[in-house]
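Let's take a walk through this structure together, one stop at a time. Have the sequence and the 3D view ready, and pick out each residue as it comes up.

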Amino acid sequence: MPTFALRRVAGAGFDGSTVTTTLGKIEIPIVKADFGDSLETAFLNYMGSQEQDEQSPGLYKTSHLKLTVSAMILRAVIMPAFPVNGFGLTKLPIVISRSHPEAGADSDLLLDCRCTNLAAAVENSNKVEESTLEFTIRQIK
């Protein structure tokens with residue numbers, strides 16, 4: 001039976017203070033991350049039947065990773081780590097980790113991520129400027 005580093009503890013839960021994110025070898029503070037994967041299957045129906053008679057094993061797909069970061073972190077930490085030309089061609093692993101002192105640790109390894117979008121929005125307010133990065137993901141483990 002496999003052992004897991006994460007255990008269920010009554011009353012303990014993850015929040016934003018338990019999450020760290022690493023791009024390649026650089027740990028970066030983030031505001032928000034959104035990612036996932038899915039399995040798309042297909043059904044076959046026999047003529048004369050109203051049932052779904054067979055189902056394919058399916059096709060694995062990942063959604064795009066969207067990272068929201070401080071504009072300061074983007075411009076001072078992330079952008080200098082990418083090549084000046086062709087930053088979207090760089091494939092790197094991204095790890096989203098959760099660590100709780102009572103419950104243990106768990107992480108999602110996102111393989112061969114490529115940055116496909118850098119977005120910025122500025123406004124006349126006292127709000128700290130945020131930027132959103134979008135990455136493709138080949139595989140989530």
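A salt bridge, as the term is used here, is a side-chain nitrogen of Lys or Arg within 4 Å of a carboxyl oxygen of Asp or Glu. Side chains of opposite charge can pair when their charged atoms come close. Please keep in mind that this is a predicted model.

How many salt bridges does a search of the whole structure find? The search turns up two. One of them joins the side chains of R98 and D108, with N and O 3.0 Å apart. R98 belongs to strand β9, residues 92-100, and D108 to strand β10, so this salt bridge ties together parts that are 10 residues apart in sequence. R98 is partly exposed, at 21% relative accessibility, whereas D108, at 19%, counts as buried. These two values fall on either side of a cut-off, because buried means under 20% relative accessible area.

The other salt bridge is formed by R138 and D112, whose closest N and O atoms are 2.5 Å apart. R138 sits in the loop between β11 and β12 while D112 is in strand β10, so here the parts tied together are 26 residues apart in sequence. Both partners are partly exposed: R138 has a relative accessible area of 49%, and D112 has one of 29%.

Stay with D112 for a moment, as its backbone deserves a look too. Most residues other than glycine have a negative phi. In D112, phi is near 50 degrees, a positive value in a residue that is not glycine. The strand that holds D112, β10, covers residues 104-120.

Now go back to R98 and look at one of the residues it touches. F14 lies in the segment before β1. Setting aside residues up to four places away in sequence, F14 touches L6, R98, S99 and H100. F14 and S99 are 85 residues apart along the chain, yet 7.9 Å separates their C-alpha atoms. With a relative accessible area of 39%, F14 is partly exposed.

Next, turn to strand β8, which spans residues 65-70. Is this strand mostly covered or mostly open? It is mostly covered, with five of its six residues buried. Strand β8 pairs with two strands that we can follow here. With β3, residues 32-34, it pairs in the antiparallel sense over three bridges. With β11 the pairing is also antiparallel, over six bridges. L67 is a handy marker for both pairings: A33 stands opposite L67, and in β11 the bridge partner of L67 is L133. In a regular strand the side chains alternate between the two faces of the sheet.

S70 is also part of strand β8. A polar atom of the S70 side chain lies 3.1 Å from the backbone nitrogen of M72. Beyond its neighbours within four places in sequence, S70 is in contact with V31, E129 and E130. Of these, E129 is 59 residues away from S70 in sequence, but their C-alpha atoms are 6.1 Å apart in space.

Strand β11, residues 130-136, brings us to E134. Which side chain of opposite charge is nearest to this glutamate? It is K66, 4.5 Å away, and E134 is buried yet has no salt bridge. The distance explains this, because a salt bridge needs the nitrogen and oxygen to be within 4 Å. E134 does have a polar contact of 2.8 Å, which joins its side chain to that of H64. Not counting residues up to four places away in sequence, E134 touches H64, L65, K66, R114, C115, T116 and N117.

Our last stop is a pair of rings. A pair of aromatic rings is described by the distance of the centres and the angle of the planes. This structure holds one aromatic pair. F82 and F87 form it, with 6.2 Å from centre to centre and 75 degrees between the planes. The arrangement counts as edge-to-face because the angle is over 60 degrees. F82 is buried, with a relative accessible area of 13%, whereas F87, at 30%, is partly exposed.

How values were computed:
Residues numbered from 1 in each chain as written. Predicted model: local features only at pLDDT ≥ 70, side-chain atom pairs only at ≥ 80, totals over all residues. Heavy atoms only, no water. Phe/Tyr/Trp six-rings, centres within 6.5 Å; stacked < 30°, edge-to-face > 60°. Buried < 20%, exposed > 50% of the residue type's maximum accessible area, 1.4 Å probe, protein only. Helix = DSSP H or I, 4+ residues; strand = E, 2+ residues; numbered from the N terminus. Lys, Arg positive; Asp, Glu negative; His and termini not counted. Polar contact = N/O pair within 3.5 Å; in protein donor to acceptor, adjacent residues only side chain to side chain. Contact = heavy atoms within 4.5 Å. Pairing = 2+ DSSP bridges.
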